[in-house]
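User: Please go through this chain with me, and set each value against the definition behind it.

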Amino acid sequence: GLFATGSGTTVTMTGGSVVNTRRSAPNASDGFGIVVQNGASVTCSGVTLTGNTQGNLFLDGAAASGCE
């Protein structure tokens with residue numbers, strides 16, 4: 001998956017896939033396709049998100065565009 005955190009962090013992902021991410025342990029809170037938090041921003045274009053265990057996109061105090 002893709003993980004972006006912190007104010008000033010900007011990620012652009014163009015053409016690609018984040019598919020079938022899994023938890024690292026049975027009770028772990030990971031397994032998201034893309035995680036964006038703490039003021040970071042991510043822009044996606046032509047990106048496929050599918051089949052990720054916890055969800056395709058997780059936002060917490062952050063912004064994402066085109067990453068649906």
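User: What share of the 68 residues in the chain is buried, and what makes a residue count as buried?

Analyst: Buried means under 20% relative accessible area, exposed over 50%, and partly exposed in between, with a 1.4 Å probe and protein chains only. By that rule, 31% of the 68 residues are buried. The model is predicted: local features need pLDDT of at least 70, side-chain atom pairs count only at pLDDT 80 or more, and totals for chains, interfaces and linings use all residues. Residues are numbered from 1 along each chain as its sequence is written, and side-chain values use heavy atoms, leaving out hydrogens and water.

User: How do you know whether the radius of gyration agrees with that of a compact globule?

Analyst: The radius is taken over C-alpha atoms, and the globule rule is 2.2 Å times the number of residues to the power 0.38. For 68 residues a compact globule would have a value near 11 Å; the chain has 11 Å, so the two agree. The C-alpha atoms fill a box of roughly 30 × 25 × 15 Å along the principal axes.

User: What makes E3 and E5 paired strands?

Analyst: Strands are DSSP runs (E, at least two residues), numbered from the N terminus. Two of them pair if DSSP finds at least two bridges between them. Strand E3 (residues 32-37) and E5 are joined by 5 bridges and run parallel, so they satisfy this definition. Within this pair, Phe 32 stands opposite Gly 55 in E5.

User: Why is one side of E1 and of E5 left without a neighbour in the sheet?

Analyst: The open sheet has 3 strands in the order E1-E3-E5, with parallel pairing. Strands E1 (2-5) and E5 (55-60) stand at the edges, each with a single partner strand, so one side of each has no neighbour in the sheet.

Key
Helices (H or I, at least four residues) and strands (E, at least two) are DSSP runs, numbered from the N terminus.
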